[in-house]
Amino acid sequence: MSYTKAFSISAVITVLQFASMAALIIACVTAPVFHQISLSSYNGYRYGVFGYCTDEGSNCSKASANYNAYSFQNLRNEDTWKMASNARKTLSELLLVLPVSAGVVFISMVFNIAYGFISSG
């Protein structure tokens with residue numbers, strides 16, 4: 001494979017990795033970091049990766065790795081949720097994968113950029 005072709009493939013992959021990293025970072029800065037952006041909203045609350053806010057943004061939880069939204073939701077209308085409490089608990093714990101995956105994509109992008117320069121040289 002020629003050096004130019006390897007560099008062009010590397011450039012395309014780098015652009016795609018940058019786009020996916022940007023989407024992951026946007027998902028990570030959802031409520032309560034920026035209360036205007038949320039992963040979901042329900043019954044007057046906006047939920048993000050690290051917490052939740054009211055729709056007005058006046059009352060937000062502290063940003064934490066596992067904010068236990070499922071226990072907060074159990075105090076309210078349990079019957080109106082489509083997912084069971086244990087499913088919401090698992091989902092809230094899995095949201096921690098987003099910042100980790102953003103870091104992995106960043107490291108992969110750095111290696112891909114380095115490969116593009118090494119192969120073109």
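Strand E2 (residues 45-47) is joined to strand E3 by 3 bridges, and the two run antiparallel. This pairing is described here from a predicted model. Across it, Arg46 stands opposite Cys53 in E3. The sheet as a whole is open and consists of 3 strands in the order E1-E2-E3, with antiparallel pairing. Its edge strands are E1 and E3, the latter spanning residues 52-54, and each of them pairs on one side only. On average, and with direction ignored, neighbouring strands of this sheet are turned by 25 degrees against each other.

The sheet belongs to a protein chain with 4 helices and 3 strands. Read from the N terminus, the elements follow one another as α-β-β-β-α-α-α. Of the 121 residues in the chain, 30% are buried. The accessible surface comes to about 7700 Å², and carbon and sulfur atoms account for 68% of this area. Among contacts between residues at least 6 apart in sequence, 43% join residues at least 24 apart.

Aromatic residues were examined next. A search of the whole structure yields 2 aromatic pairs. In one of them, the ring centres of Tyr45 and Tyr52 lie 5.9 Å apart and the planes stand at 75 degrees; the pair is edge-to-face because an angle over 60 degrees places it in that class. The rings of Tyr47 and Tyr52 also form a pair, with centres 6.1 Å apart and planes at 50 degrees, and this arrangement is therefore tilted. Tyr45, Tyr47 and Tyr52 together form one aromatic cluster. Tyr45 and Tyr52 are both buried. For Tyr52 the relative accessibility is 16%, so this residue falls under the 20% limit for burial. Tyr47 likewise counts as buried, at 7% relative accessibility.

Strand E3 also contains Thr54. Thr54 has a relative accessible area of 10% and is therefore buried. With residues up to four places away in sequence left out, Thr54 touches Gly44, Tyr45, Arg46 and Asn59. Two of these partners recur in the account of the sheet: Arg46 is the residue opposite Cys53, and Tyr45 is a member of the aromatic cluster.

The loop that precedes the sheet was considered through two of its residues. Thr30 is found in the loop between helix H1 (3-28) and strand E1 (40-42). With a relative accessible area of 2%, Thr30 is buried. The side chain of Thr30 reaches the backbone nitrogen of Val49 at a distance of 3.0 Å. Val49 is also among the residues that Thr30 touches; beyond four places in sequence, these are Ile37, Ser38, Leu39, Gly48 and Val49.

Ser38 lies in the loop between H1 and E1 as well. In contrast to the buried Thr30, Ser38 is partly exposed, because its relative accessible area of 25% lies between the limits of 20% and 50%. Ser38 touches Thr30, Arg46 and Tyr47 when residues up to four places away in sequence are not counted. Through Tyr47, Ser38 is thus in contact with a member of the aromatic cluster. The C-alpha atoms of Ser38 and Ile26 are 9.6 Å apart in space, and the two residues are separated by 12 residues in sequence.

A further set of contacts involves helix H4. Asn112 lies in this helix, which comprises residues 97-120. At 12% relative accessibility, Asn112 counts as buried. Asn112 and Ser10 are 102 residues apart in sequence, yet their C-alpha atoms are 6.3 Å apart in space. Ser10 is one of the residues in contact with Asn112; leaving aside neighbours within four places in sequence, the contacts of Asn112 are with Ser10, Ile13, Thr14 and Gln17.

Technical notes
Residues are numbered from 1 along each chain as its sequence is written. This is a predicted model: local features need pLDDT of at least 70, side-chain atom pairs count only at pLDDT 80 or more; totals for chains, interfaces and linings use all residues. Side-chain values use heavy atoms; hydrogens and water are left out. Buried means under 20% relative accessible area, exposed over 50%, partly exposed in between (1.4 Å probe, protein chains only). A polar contact is a pair of N or O atoms within 3.5 Å; within protein, one must be able to donate a hydrogen and the other to accept it, and residues adjacent in sequence count only if both atoms are side-chain atoms. Contact means heavy atoms within 4.5 Å. Accessible areas come from the Shrake-Rupley method with a 1.4 Å probe; for residues, only the protein chains shown count as cover. Two strands pair if DSSP finds at least two bridges between them. Axes are lines fitted to C-alpha atoms, for helices over the stretch in contact, and angles run from 0 to 180 degrees between N-to-C directions. Rings of Phe, Tyr and Trp (its six-membered ring) pair if their centres lie within 6.5 Å; planes under 30 degrees apart count as stacked, over 60 as edge-to-face and the rest as tilted.
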